[in-house]
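Subject: Structure handover

Hello,

Here is the structure we talked about. Please open it beside this email and follow along.

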Amino acid sequence: MILRRPSGITLAVAVLAITFALFFLLPFAGLVWRAVDDPRAREALGDPAVGMALRLSLVTTAVSVTLSLLFGTPVAYLLARRQIPGGAVLDALLDLPIVLPPTVAGVALLTAFGRRGLLGEPIEAVTGLSLPFTAVAVIVAQTFVAAPLYVRAARTGFEAVDPELEAIARTLGASRVHVFRRITVPLARGPLLAGAVLCWARALGELGATLIFAGSLTGRTQTLPLAVVAAFEGGPLGLPGAIALSLVLLGVALILLIALRLVAKRGLA
Amino acid sequence: MSLEAAFTAHAGRFSLDVAVEASDEIVVLFGASGAGKSLTLRAIAGLTRPTSGRIVLDGEVLFDAAEGIDLPPEARRTGYVVQEMALFPHLSVWENVAFALPGTRADRRSRAEASLATLGLEGVGDRDPGTLSGGQRQRVALARVLVRDVRLLLLDEPFSALDDAIRRSLRLELRRLQLELGRGALFVTHDLREAYLLADRFVVLNAGRVLQAGTPGDVFSRPVSRRVAELLGVRNLYRGRVVATAPDSLEVEVGPLRWRCASWVEGLRVGDAVDVAVRSERVVLRRGDRPAVNALDAVVESEEAYGASHLLQMRPLAGGPLIEVDMPARPYEVLGVATQKQWLLELPAADLHVMRASG
């Protein structure tokens, strides 16, 4: 038997891969290390401000993702089946929030729904309610930047479902809605879940648009990423607080990702 | 069951204009690919909206352009089966069959299993459709439409993707089921043998139009036009002219040859330009006495051996077109065609069919 010696290329690839892995691992390790090492960071974990930011992040992202699924799913399906007049325009528009810097999205949202905005002003005149600097504004900002990611993924998923299967299901006596629920969605489940996770991750990390459109009011609009920035920029929590908040954010992301993976796996079996 | 469908439909630049009738029988829509067979079925199933016309099934109007009636596919109670890729991959076999059945789970399951049993599929209910053979999958697809109270089966080349042997057994099974259940079926195929075997009524489609409809025997032996004859596999087609008529035959001149033909379409007169069709397997190679009519001397110009049969291209000594002869291996060997190249050919008058010239 001839043993093949590792070639130079194999070695180079191994070095690159290990370096790359360390590059991603080290920051997380640093975060955990500082949190364990620094008693003030552990103390900050118990600060009510951290709890408030966590709760606000969970609630707003849950609502944002729900809204994205609710409005995005039918749109994605119609786009996939090319059944909307002007679909190409809508398609291009959906790409904008993905490409746009979030701060620009925030400014754009202000011009539409702000107190002097296109829609914001008449709404305030009639109802006396104003959107900016409320939790609702946080949800609007998150949905604006995150929903397109879901729509895009869902659309690709729906496109992969053979329309012939849907047609046959119809001839078997199933209504459009029944076919959508029992054939289309299950067959596109993978991309749909992936899209929802992407959407949720984007909403959870949302910073720029929220900061400009909703502000950073502790307990009202200050989600976890905003709280990190506030603490880092000399807020009462300070750097240890920023570390504690980052750790919480990391934990939440990990738990939800693992949970979704489990759900997806069980669904496949 | 009774179906009356007459409609036009469009798909891209293709236009379809057909009229099809069916009762409790198998109506075969026969034609080359692109003839509009599938589009016809899809329109009846409600998957394509016709541009005009009317489709009535058992007295119920499924579609009527003038009245603005267009029942959705789920309300038409037709059983649509296609060539392949038709089973839902994420559902088990029984769930596929029970799809859209109402009732409790146990109820639906027992109905599904009963329908599977009718098609000789027992104990596969829990399996994943992907693990079945092609033949089994098509049986499941049939079980899935038969489990419901469908009024009309719409079968779009259901067996075309299968092996010969399985295709044969499924054809016979379809015949048996059709007799047992007494349900009508529109069966689309481009396979002439399959079409002939299954058809109670035979409809020839070409370029979106019905060229001919009738019993398979009638269509097969009396095509109305050159195109129909071509589609039915006639290889010997000759342009000629009627030179005489008699009550029981026509005299037709084909080049320097003169043939008596005992089969013809209505309304031909002396002087008319016609097409004469004779199937390759109907041409006879003779030894001994010269027959009284349609005899000619010819030599084998080329031949192709297909194992079970031989295809000979014969050139008449008196001039005129090549005549193709399809000869089974046994007579080929007994006569010694391999060594003897000049023969007396007979074109039996009953097998010479005359049509009005077209194209």
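Below is what was found, chain by chain. Keep in mind that this is a predicted model.

**Chain A**

Start with the secondary structure. Chain A has 13 helices and zero strands. Its pattern along the sequence is therefore a run of α elements, α-α-α-α-α-α-α-α-α-α-α-α-α. The C-alpha atoms fit in a box of roughly 85 × 65 × 30 Å along the principal axes.

How much of chain A is buried? Of its 269 residues, 38% are. The exposed surface of chain A is about 15100 Å². Carbon and sulfur atoms supply 73% of that surface.

Now the contacts. Take those in chain A with a sequence separation of 6 or more. Residues 24 or more positions apart account for 72% of them.

Charges come next. Chain A carries 22 positive and 14 negative side chains. The centres of these two sets lie 8 Å apart.

One helix deserves a look. Helix H12 of chain A covers residues 224-232. Which of its residues are buried? They are A:Leu224, A:Pro225, A:Leu226, A:Ala227, A:Val228 and A:Ala231. Here is a rule to keep in mind as you turn the helix: an α-helix has 3.6 residues a turn, so residues three or four places apart point the same way. After H12(A) comes A:Gly234, with a positive phi near 95°.

**Chain B**

Chain B has nine helices and 22 strands. Its C-alpha trace spans about 80 × 50 × 35 Å along the principal axes. Of its 359 residues, 51% count as buried.

The accessible surface of chain B is about 15800 Å². Carbon and sulfur atoms hold 49% of it. Among contacts between residues at least 6 apart in sequence, 63% join residues at least 24 apart.

How many charged side chains does chain B have? There are 44 positive and 47 negative ones. The centres of the two sets lie 2 Å apart.

**The five-stranded sheet in chain B**

Before the sheets, one reminder. Strands of a sheet pair through backbone hydrogen bonds, either parallel or antiparallel.

In chain B, five strands form an open sheet with antiparallel pairing. The order is E17-E21-E18-E19-E20. Which strands sit at the edges? They are strand E17 (284-286) and strand E20 (323-328) of chain B, and each pairs on one side only. From one strand to the next, the twist averages 50°.

Look closer at one pair. Strand E19 of chain B (residues 309-316) and E20(B) are antiparallel and share six bridges. B:Leu312 has B:Val325 in E20(B) as its bridge partner. B:Ser309 stands opposite B:Pro328 in E20(B). The hairpin of E19(B) and E20(B) has six residues between the strands. There, B:Gly319 takes a positive phi near 90°.

**The six-stranded sheet in chain B**

Another open sheet of chain B has six strands and mixed pairing. Its order is E14-E13-E12-E16-E22-E15. The edge strands are strand E14 (257-261) and strand E15 (263-264) of chain B. Each of them pairs on one side only.

Inside this sheet, find strand E12 (residues 236-246) and strand E16 (residues 273-278) of chain B. They run antiparallel, and six bridges join them. The bridge partner of B:Leu237 in E16(B) is B:Ala277.

**Two residues with positive phi**

Most residues other than glycine have a negative phi. Two residues of chain B that are not glycine take a positive value, and both have a place in a loop.

The first to find is B:Glu157, with phi near 45°. B:Glu157 lies in the loop between strand E8 (152-156) and helix H5 (164-181) of chain B. Is B:Glu157 buried or exposed? B:Glu157 is buried, because its relative accessible area is 9%, under the 20% cut-off.

Then go to B:Asn294, with phi near 50°. B:Asn294 is in the loop between E17 and strand E18 (295-305) of chain B. B:Asn294 has a relative accessibility of 7%, so B:Asn294 counts as buried too.

Best wishes

Definitions and conventions. Residues numbered from 1 in each chain as written. Chains lettered and ligands numbered in written order. Predicted model: local features only at pLDDT ≥ 70, side-chain atom pairs only at ≥ 80, totals over all residues. Heavy atoms only, no water. Helix = DSSP H or I, 4+ residues; strand = E, 2+ residues; numbered from the N terminus. Buried < 20%, exposed > 50% of the residue type's maximum accessible area, 1.4 Å probe, protein only. Contact = heavy atoms within 4.5 Å. Areas by Shrake-Rupley, 256 points an atom, 1.4 Å probe, with all protein chains shown as cover. Lys, Arg positive; Asp, Glu negative; His and termini not counted. Charge placed at Lys NZ, Arg CZ, Asp CG, Glu CD. Pairing = 2+ DSSP bridges. Axes fitted to C-alpha atoms, helices over the stretch in contact; angles between N-to-C directions.
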